[in-house]
Amino acid sequence: MILACQNITKSFGEEKIITSGSFHIEEHEKAALVGPNGTGKTTILKMIVGELSMDSGEVILSKGATLGYLAQYQKLQSDGTIYEEVRSAKAHIFAMEERLREIERELKHLEGEELQSRLELYHRLSSQFELENGYACESEIVGVLKGLGFDEVEFDKHVDTLSGGEKTRVALGKLLLTKPDVILLDEPTNHLDLNSVRWLETYLLNYPGAVLIVSHDRYFLNRIVTKIIDLDFGRLRMYSGNYKEYAAKKQQLLDARIKEYLNQQQMIRHQEAVIEKLKSFNREKSIKRAESREKMLNKIERIEKPEEALEGMHFTLETSVQSGRDVLTVERLSKGYGSRILFQDISFEIKRGEHVAIIGDNGTGKTTLLKILNRVEDADQGLFQLGVNVEIGYYDQEHQVLHKEKTIFEEISDAYPDMGNTRIRNTLAAFQFTGDDVYKMIGDLSGGERGRVSLAKLMLSKSNFLILDEPTNHLDIQSKEILEQALNRYQGTILYVSHDRYFINQTASRILELTNQNFVNYIGNYDYYLEKKEELNAVYAKAEKDSSECLEKRNVGLEKETTARLSWQEQKELQAQERKRKNDLKKTEDRISFLENRDMEIDDQMQQEEVYTNSVKCQELAREKAEIAEELERLYEMWEGLAQ
């Protein structure tokens, strides 16, 4: 066990967050803390790291273990660049490397005991440097940054110019590189595209330490965790397995408790009816029997009524009219900003009843495409056409269709003036806005609350073509499942952008992947997309190879035709030049191979005791290694020129 919370209790005023809750995390274990929004998951993480105090209980961390925490919202302040900020996580490695270089420079001026002492320090530092993978440190930093979706051209961006999402990715990269024994992650996938989420999954699966994750990304949890800690009604309960296994076990336990409760209630009602009947006889014996039964009934330990899941949204999506068969036709659509092209000459069709998901990396233009279809932005080229009787309902992730200066009630009543007060309140209650909640200002709402208001307006629109931009953002797992059910029952057509793979799996019948400025079409859900993408990549790779071979043959043909027209002398000169190029290329490759092998031999030698205890030999090998690096750099450039 590396981390444990024992009997922790926390309240904010009269609101109880958690009562005597306990759980533990084993070394190397990957676990998730789940529960509806507002139940206190982030509060628990903050109590573990000491940002919040608990009313009672204790947090126990194994002696010497280190703790790392990624908050959901980052206030990262730095004058440095992205690369510099993330590189600072390895500051001790670079300091160690600099110290090694200093000692190497000092060794030639030392002798006797001082030399021996400095050599011992050098060997200790060298061993530690190698143990902490110091030689590959720069490569590791670049790999993490690229994995989290940063291109190399972005490495020099200053942190203080970044968006909140970009700062979170920088903070995540820095945290991963510090490699604490326990990592606490609060919604780590919120600002990552699909490729980055998949990279993070692989990274965490192979991470040697323990990980505790708060996340609503069910696909992510299914892939990573082996334990679920469920926070529900202020109580904590641990389940073994991933999210899917947890959900099934929790439902089984709930069903069993409900059945047990209902059976006891039925028995109690039966006994109460018998007692009432015996008393109605008004005989001494019957009254005594009734009293005896009452005593027995009072001694029964009453089963507490199971608290089912918190009251969630409940709604249906309906259409006022049916659209024509052809819902949307897009022809040769292009959009860019300055020299940056998002997509070019894209064409596709959507038919009535289809549920189409658009996926792709961040910044490829998915949201921009939806804005064009909703006439919020104009395309540079191309056109699109809606079918007969098509009525669009638009959900934008930024909720710009909402008015910050209005209350929730006014937002609905102004949009639908014919609706009575009672119907408006009933509608808002279905989206968890009751009592005085309906008078909250839109500008004061959280992201999840704004999402629910937008969904309420979407439901009331009765549109037959829904265009949704990241509809699951800020929704908890329960709300996502309710939305999935509503969309799957919906009789209209849906086009949406999402990075929620579980949601896509549950609701999509077709996927359009926006990649390389164009669309690739997949008929199926997300799992089907993954399967077919591998097959298509193999096919495309073969097609490119075949195309390359055809081009090579064509070039050879042209070369022969050109050569035939050259004079005999020119041909001989060209042939001689080509022979020399090939000869130089082979010599360069051979020399590179020899030097690379020698470099590895030096690394092996420097790990041998008879070498690293010999200061003179160490210096010789260090100089040779530096000379090899310098020559290799020159040879690589030469090889590139010869290989063209």
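This is a guided tour of a predicted model, given as a series of selections to make in the viewer.

**Stop 1: the sheet**

Start by selecting strands 5, 6, 7, 3, 8 and 9, which in that order make up an open sheet of 6 strands. The pairing within this sheet is mixed. Strand 5 (67–70) and strand 9 (235–240) are its edges, each pairing on one side only. From one strand to its neighbour the average turn is 15°, direction ignored.

Now narrow the selection to strand 5 and strand 6 (residues 182–186). The two run parallel and are joined by 4 bridges. Show the side chains of Leu70 and Leu185: Leu70 stands opposite Leu185, which belongs to strand 6.

Add helix 6 (residues 164–178) to the view. Helix 6 lies across both strand 5 and strand 6, and its direction is at about 165° to that of strand 5.

**Stop 2: two residues with positive phi**

Stay with helix 6 and follow the chain into the loop that leads from there to strand 6, where Lys179 is found. Lys179 is not a glycine, yet its phi is positive, at about 50°. Is Lys179 buried or partly exposed? With a relative accessibility of 39%, Lys179 counts as partly exposed.

Next select His28, in the loop between strand 2 (15–25) and strand 3 (30–34). His28 is another non-glycine residue with a positive phi, here about 70°. Its relative accessibility is 51%, and His28 counts as exposed; the cut-off for that class is over 50%.

**Stop 3: aromatic rings**

Show the rings of Phe, Tyr and Trp. How many aromatic pairs does the structure hold? There are 13 aromatic pairs. One of them joins Phe348 and Phe519, in an edge-to-face arrangement with 5.3 Å between the centres and 90° between the planes. Phe348 is in strand 11 (residues 340–351) and Phe519 is in strand 18 (residues 518–522), so this pair ties together parts that lie 171 residues apart in sequence. Both partners can be checked for burial: Phe348 is buried at 7% relative accessible area, and Phe519 counts as buried at 14%.

A further selection is Tyr219, Tyr522, Tyr526 and Tyr529, which form one aromatic cluster.

**Stop 4: charges over rings**

Select Arg87 and Phe94. The charged end of Arg87 sits over the Phe94 ring, 3.4 Å from the ring centre. Then move to Arg169 and Phe150, where the charged end of the arginine sits over the phenylalanine ring at 4.3 Å from its centre.

**Stop 5: cysteines**

Select Cys5 and Cys137. Cys5 counts as buried, with 1% relative accessibility, and Cys137 is likewise buried, with a relative accessible area of 1%. How many disulfides does a search of the whole structure find? The search finds 0 disulfides.

**Stop 6: helix 9 and the loop after helix 10**

Select helix 9 (residues 243–281) and pick out Gln271 within it. Gln271 counts as buried at 19% relative accessibility, because the cut-off for buried is under 20%. Leaving aside residues up to four places away in sequence, Gln271 touches Arg293 and Leu297.

Then go to Ile303, in the loop between helix 10 (284–299) and strand 10 (326–337). Ile303 counts as partly exposed, at 25% relative accessibility. What does Ile303 touch, not counting residues up to four places away in sequence? Its contacts are Glu260, Tyr261 and Gln264. For a distance check, draw a line from the C-alpha of Ile303 to the C-alpha of Arg235: the two are 17 Å apart in space and 68 residues apart in sequence.

**Stop 7: helix 12 and its cover**

Finish with helix 12 (residues 408–415). Which of its residues are buried? They are Ile408, Phe409, Glu411, Ile412 and Ser413. Add helix 13 (421–430) and helix 14 (447–461) to the selection, as both are included in what covers these buried residues.

Technical notes
Residues numbered from 1 in each chain as written. Predicted model: local features only at pLDDT ≥ 70, side-chain atom pairs only at ≥ 80, totals over all residues. Heavy atoms only, no water. Phe/Tyr/Trp six-rings, centres within 6.5 Å; stacked < 30°, edge-to-face > 60°. Buried < 20%, exposed > 50% of the residue type's maximum accessible area, 1.4 Å probe, protein only. Lys NZ or Arg CZ within 6 Å of the ring centre and 35° of its normal. Disulfide = S-S within 2.5 Å. Pairing = 2+ DSSP bridges. Axes fitted to C-alpha atoms, helices over the stretch in contact; angles between N-to-C directions. Contact = heavy atoms within 4.5 Å.
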